[in-house]
Amino acid sequence: MSTQDNFKRQAARKALEYVPHDEYIGVGSGSTVAIFIEELASIKDRVRGVVAASIESRDLLEQHGIKVVALADVGKLPVYFDGADEVNHSLQMIKGGGAALLGEKIVAHASRQFICMAGESKYVSKLGAFPLPVEVVPFARSWVASQLVKLGGRPVLREGVITRGGHEILDVHDLEIYEPMKLEDEINRIPGVMENGVFARHPADVLILGHSDRAEVIT
Ligand code: 5RP
């Protein structure tokens, strides 16, 4: 197992302690969530069903025999489990490296508690070294890009990627993110932006940070 995978597994195993009995839960996507789903399979009878934020996670849950349910059928969820590309000391995150940020933000907002699982390298004092994913309507892409340049960023189209909603992703480099909440709102106000990968208005409630030999819980 690679070092990074070991960090992720430490976090995912610890996260099982937060899986409630006889409730529906939400899961995001990415390689940490894939490990979490593997671990969840060992206690799958504990949950009533799972809302998946991406098609990849839905397929993985089904492969493990875990019941998948639609958000529309369950409404509010008690808890949501997901990874992050970066997470700061206020538990605000950058997400969307896997292009599933829109679904992830919707399911996260529909949940009372957000449990973020991440390897120790993702824990940063300031967000922004990871290029910020912004999901855009294809027709508006160059207009949105020009507005992101005005905010100090350098948007780069993620080639060959079309999201579940039929949108494109601009990865915005060189942003100085001093006020994550302000930036999250500012980018979402640009016409043509569907959503951006700053998760600051709804940060994680619990961060489970995987180290080589243990998981650390940060609240
Ligand atoms: C996908 C995401 C993921 O949570 C994020 O990219 C982290 O992925 P990984 O667990 O593979 O490091 O936001 O859109």
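Student: In which strand is Tyr80 found?
Tutor: Good place to start! This is a predicted model, and its strands are numbered from the N terminus. The one that holds Tyr80 covers residues 77-82, and that is strand 3.

Student: Is Tyr80 buried or exposed?
Tutor: Let's count the C-beta atoms around this residue. A residue is buried if 20 or more other C-beta atoms lie within 10 Å of its own. Tyr80 has 25 of them within 10 Å, so Tyr80 is buried.

Student: What separates the C-alpha atoms of Tyr80 and Ile115?
Tutor: Along the chain, these two residues are 35 residues apart. In space, Tyr80 touches Ile115, and also residues including Gly26, Val107 and Phe114. The distance between the C-alpha atoms of Tyr80 and Ile115 is 6.0 Å.

Student: How many residues does the largest nonpolar core have?
Tutor: Some general background helps here: in soluble globular proteins, nonpolar side chains tend to be buried together. In this model, Val27, Phe36, Phe81, Ile115, Cys116, Met117 and Val134 have the most contacts inside the largest nonpolar core. Phe36, for one, is in contact with Val27, Phe81 and Met117, among others. The size of this core is 63 residues.

Student: Which helices each supply at least two residues of the shell around the ligand?
Tutor: Let's look at the shell first. There are 17 residues around the ligand, and Gly30, Thr32, Gly83, Gly97 and Gly98 come nearest. By type, the shell divides into four nonpolar, nine polar and four charged residues. The helices you want span 31-40 and 101-109, and they are helix 2 and helix 5.

Student: Which strands are the edge strands of the open sheet in the order 4-5-11?
Tutor: Three strands form this sheet, and the pairing is antiparallel. An edge strand here pairs on one side only. Strand 4 and strand 5 are joined over two bridges, with Val87 having Met93 in strand 5 as its bridge partner. The edges are strand 4 (86-87) and strand 11 (198-199).

Student: What is the radius of gyration of the chain, and why does it agree with a compact globule?
Tutor: Take the length of the chain first: with 219 residues, a compact globule would have a radius of gyration near 17 Å. The C-alpha atoms fill a box of roughly 50 × 35 × 30 Å along the principal axes. The chain agrees with the globule value because its own radius of gyration is 17 Å.

Student: What percentage of the residues of the chain count as buried?
Tutor: The chain comes to seven helices and 13 strands. Of its 219 residues, the part that counts as buried is 48%.

Note on methods:
Residues are numbered from 1 along each chain as its sequence is written. This is a predicted model: local features need pLDDT of at least 70, side-chain atom pairs count only at pLDDT 80 or more; totals for chains, interfaces and linings use all residues. A residue is near a molecule or strand if its C-beta atom, placed from the backbone, lies within 6 Å of it. Helices (H or I, at least four residues) and strands (E, at least two) are DSSP runs, numbered from the N terminus. Ala, Val, Leu, Ile, Met, Phe, Trp, Tyr, Cys and Pro count as nonpolar, Asp, Glu, Lys and Arg as charged, and the others, Gly among them, as polar. A residue is buried if 20 or more other C-beta atoms lie within 10 Å of its own, exposed if 12 or fewer, and partly exposed in between; C-beta atoms are placed from the backbone. Two residues are in contact if their C-beta atoms, placed from the backbone, lie within 7 Å. A nonpolar core is a set of buried Ala, Val, Leu, Ile, Met, Phe, Trp, Tyr and Cys residues joined through C-beta atoms within 7 Å. The radius of gyration is taken over C-alpha atoms; the globule rule is 2.2 Å times the number of residues to the power 0.38. Two strands pair if DSSP finds at least two bridges between them. Lists of a residue's contacts leave out its neighbours within four places in sequence.
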